[in-house]
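Welcome! Here are some short exercises, each with a worked solution. Take a look at the sequence and the structure, then try each task before reading on.

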Amino acid sequence: MASDKKAGKSSIRGGKSNEEIFAGFQTLRNEQRVMANKLSEMEMEMNEHKIVIDTLKNVDPSRKCYRMIGGILCERTVQEITPTLISNKEQLAKVIDALNEQLAKKGHEINEYKEKHNIRIRGQDELQQPEDDSKQAKRNAIVVNPIEV
């Protein structure tokens, strides 16, 4: 009899239990959080490149400068380093654009997952009252805590 109840409950949501749906949602949120952290890290690195490039513009091109490459400090001239920094900055900009696109896609994927499985986040229920207030929809909803940052 207990197995009949489990089978009936899982068939309501297409073969997934509430725990499996919640775990899938948490996985998507964690992936989004990792992407956002990586994006932030890349933006900070690009800002550092901008600062260094702007600083080196006012310096004599034959002056010595040092650059950390893979944990090793290398001595070069400003003239040798500047093109490399500009190239790296351009590549970082491309990576940042790609990460922004991936982050937007992940956001859409999370929203689709929420709608598909009727997931509600606490605190947003009061802000966004659904137009369809059927008791059945509320009964089958999965309530999730908001993201703590």
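Let us begin with a single residue, Glu 31, which is partly exposed, with a relative accessible area of 34%. Here buried means under 20% relative accessible area, exposed over 50%, and partly exposed in between, using a 1.4 Å probe and protein chains only. The model is predicted, so local features need pLDDT of at least 70 and side-chain atom pairs pLDDT 80 or more, while totals for chains, interfaces and linings use all residues. Residues are numbered from 1 along each chain as its sequence is written, and side-chain values use heavy atoms, with hydrogens and water left out.

**Exercise 1.** Find the residue whose side chain meets that of Glu 31 in a salt bridge, and say which parts the pair ties together.

*Solution.* Start with the rule: a salt bridge is a side-chain nitrogen of Lys or Arg within 4 Å of a carboxyl oxygen of Asp or Glu. By this rule the count comes to five salt bridges. The partner of Glu 31 is Lys 106, at 2.5 Å from N to O. Next, place the two residues: Glu 31 lies in helix α2 and Lys 106 in helix α3, so their bridge ties together parts that are 75 residues apart in sequence. Helices are DSSP runs (H or I, at least four residues), as are strands (E, at least two), and both are numbered from the N terminus. Finally, check the surroundings: Lys 106 is buried, with a relative accessible area of 10%.

**Exercise 2.** Work out which residues join Glu 31 in one network of salt bridges.

*Solution.* Lys 106 also meets Glu 109 in a salt bridge, with 3.5 Å between N and O. These two are three residues apart in helix α3, so about one helical turn separates them. Glu 109 is partly exposed, at 37% relative accessible area. Through shared partners, Glu 31, Lys 106 and Glu 109 therefore form one network.

**Exercise 3.** Describe where Gln 32 sits and what it touches.

*Solution.* Gln 32 belongs to helix α2, residues 18–57. Its relative accessible area is 24%, so Gln 32 counts as partly exposed. Now look for contacts, meaning heavy atoms within 4.5 Å. Leaving aside neighbours within four places in sequence, Gln 32 is in contact with Leu 103, Lys 106, Gly 107 and Ile 110. Take Gly 107 from that list: Gln 32 and Gly 107 are 75 residues apart in sequence, yet 7.3 Å apart in space, C-alpha to C-alpha.

**Exercise 4.** Name the residues of the largest nonpolar core and find which element gives the largest share.

*Solution.* A nonpolar core is a set of buried Ala, Val, Leu, Ile, Met, Phe, Trp, Tyr and Cys residues joined through side-chain atoms within 4.5 Å. The largest one has nine residues: Ile 21, Phe 25, Leu 28, Ile 110, Tyr 113, Ile 119, Ile 121, Ile 142 and Val 144. Two or more residues come from each of α2, α3 (78–117), β3 (119–121) and β4 (142–144). The largest share, three residues, is from α2. Apart from this core lies another, of eight residues, including Leu 39, Met 46, Leu 99 and Leu 103.

**Exercise 5.** Test whether the span of α3 agrees with its number of residues.

*Solution.* The expected span of a helix is 1.5 Å times one less than its number of residues. For the 40 residues of α3 that should give 58 Å, and the end C-alpha atoms are 57 Å apart, which agrees. After α3 comes Asn 118, whose phi is positive, near 55°.
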